[in-house]
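Grab your viewer and work through these exercises one at a time. Try each task on your own before you read its solution.

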Amino acid sequence: MRSAAGWLASATPEMVDEFLSGLADETLMALPWLFEFWALPHQLPPEGMWKTWVIMGGRGAGKTRAGAEWVRAQVEGPRPLDTGRSRRVALVGETVDQVRDVMIFGESGILACSPPDRRPTWEASRRRLIWPNGAVAEVYSAFSPDSLRGPQFDAAWVDELAKWSKAEEAWDMLQFALRLGNHPQQVVTTTPQNIATLKAILKNPSTVLTQAPTEANRAYLAASFLEEVRARYAGTRKGRQELDGVLLEDAEGALWTTAMLEGCRRALPEKLSRIVVAVDPPVTGHGQSDDCGIVVVGALTEGPPSEWRAWVLEDASLSAASPDTWARGAIAAMARHGADRLVAEVNQGGALVESVVRQVDPTVPYRAVHASRGKVARAEPVAALYEQGRVHHVRGLGALEDQMCRMTARGYEGKGSPDRVDALVWALSELIVEPAAKWRKPQVRSL
């Protein structure tokens, strides 16, 4: 039986009553403990002979419940005293207290999920759970990796690995200990963070991944909690990580980092001095072409250049767009923001770029820019503006910010081309970098 939670959530009260009235008394009594019936899709183990199942999700997405129910499914047999698939389980968290308070005694922990006739006994002095059928789960702290030397297991549940201060050492020790049975398995429940150990686990061919945002579990979360976190974090990189459950990676030596971008969110001023829309057109316009970077930036340029500030207002980039489509998209962005100028890189298309734009709007204020230097050389002065705290972001720029965090001094370390970053660089060069250079240039007077 696979999950019926989706059907129940959308069914009318009359449909639910009819369904329940058709069940035998024994089935009704067992129903609360049949997790496959209630589970959300991301909480159910994937098919196949995987070694590691990573459940990566936002806060409150139901990761702990999924981990606890997976342990139950491993150790329990058809009847309370029957043996299950696993007999020796490791429960590993950041600390012993967190394993006990969250994974075992928590509201979604093992004890809360277990039916009375199968509920394990907690032996505090030995830090372990004992099931009626003799299965044992032992508690370990990732802060003490060497404690995993010696014991051996046929299953393991690892919680919040991305928080572990000694993640690599603890994970390696657990792998050596997971050696009993025909096919030992482990489940990892974690909110994603950019750590090497988690990324290495996800790249392993024997790993499977399920993901879900906080919203997936909204039926079991307080409405006030959802309202508060949405208002505070929606559209930010922290929100993408903590609410959407997305692993955000900063390339080593990146010109921009997640911390830098999270710190650059500021309210818009009442009025901006200038607004431009910058375009980095793709070479072609078919399904396999790069995206067309379209970024809207405004600047407040009052006083000396050291006081100038810019706000990235929108990432309007388009995927696999034809020339007519991206030109219309760029001009529509200009209209939305009342932009003063359209700036377009023409290295790939030359005069054709302007021709395409003017077919849509012959009167558009337009400037063609040529890339005489490499992408990194053009990006570094713009990255310096961020380091000085002079560029700010509105929310909802996730795709652009992902590209920014993959642009390094060695080049772009993401897939495809950094079209959005290129457009951003052209916009900020137009608004701040080039005008500031002209401001500082000494004026030569004729005698």
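**Exercise 1: strand partners**

Task: Find which residue in β7 is the bridge partner of Trp157.

Solution: Keep in mind that this is a predicted model. Start with the two strands: β6 and β7 (residues 185-190) run parallel to each other and pair over five bridges. Now look across from Trp157, and you land on Val187, its bridge partner in β7. To get from β6 to β7, the chain passes through helix α8 (residues 167-177), and this β-α-β crossover is right-handed.

Next, turn to strand β2 (residues 88-93), which also pairs with β6 in the parallel sense, over four bridges. Here Val89 is the residue opposite Ala155 of β6.

**Exercise 2: the two sides of β6**

Task: Work out which residues of β6 point one way and which the other way.

Solution: A handy rule first: side chains in a regular strand alternate between the two faces of the sheet. Applied here, Ala155, Trp157 and Asp159 go one way, while Ala156 and Val158 go the other. Then check burial: five of the five residues in β6 (residues 155-159) are buried, so the strand counts as mostly covered.

**Exercise 3: a tryptophan pair**

Task: Decide why the ring pair of Trp50 and Trp70 is tilted.

Solution: There are five aromatic pairs to choose from in the structure. For Trp50 and Trp70, the ring centres are 6.5 Å apart and the planes meet at 40 degrees, so the pair is tilted. That angle falls between the cut-offs, because stacked needs under 30 degrees and edge-to-face over 60.

Now place the two partners along the chain. Trp50 is in the loop between α4 (35-38) and β1 (52-57), Trp70 is in helix α5 (residues 63-75), and the two are 20 residues apart, so the pair links distant parts of the chain. Both Trp50 and Trp70 are buried. Finally, add Trp53, and you have one aromatic cluster made of Trp50, Trp53 and Trp70.

**Exercise 4: a charge and a ring**

Task: Find the ring that the charged end of Lys166 sits over.

Solution: Follow the Lys166 side chain to its charged end, and you'll find the ring of Phe143 there, with its centre 4.7 Å away.

**Exercise 5: buried or exposed?**

Task: Classify Ala73 as buried or exposed.

Solution: Locate Ala73 in helix α5. Its relative accessibility is 54%, so Ala73 counts as exposed. For a last check, go to Arg179: Ala73 and Arg179 are 106 residues apart in sequence, and their C-alpha atoms are 19 Å apart in space.

Definitions and conventions:
Residues are numbered from 1 along each chain as its sequence is written. This is a predicted model: local features need pLDDT of at least 70, side-chain atom pairs count only at pLDDT 80 or more; totals for chains, interfaces and linings use all residues. Side-chain values use heavy atoms; hydrogens and water are left out. Rings of Phe, Tyr and Trp (its six-membered ring) pair if their centres lie within 6.5 Å; planes under 30 degrees apart count as stacked, over 60 as edge-to-face and the rest as tilted. Buried means under 20% relative accessible area, exposed over 50%, partly exposed in between (1.4 Å probe, protein chains only). A charge sits over a ring if NZ of Lys or CZ of Arg is within 6 Å of the ring centre and within 35 degrees of the ring normal. Two strands pair if DSSP finds at least two bridges between them. A crossover is right-handed if, with the strands pointing away from the viewer, the path from the first strand over the helix to the second runs clockwise.
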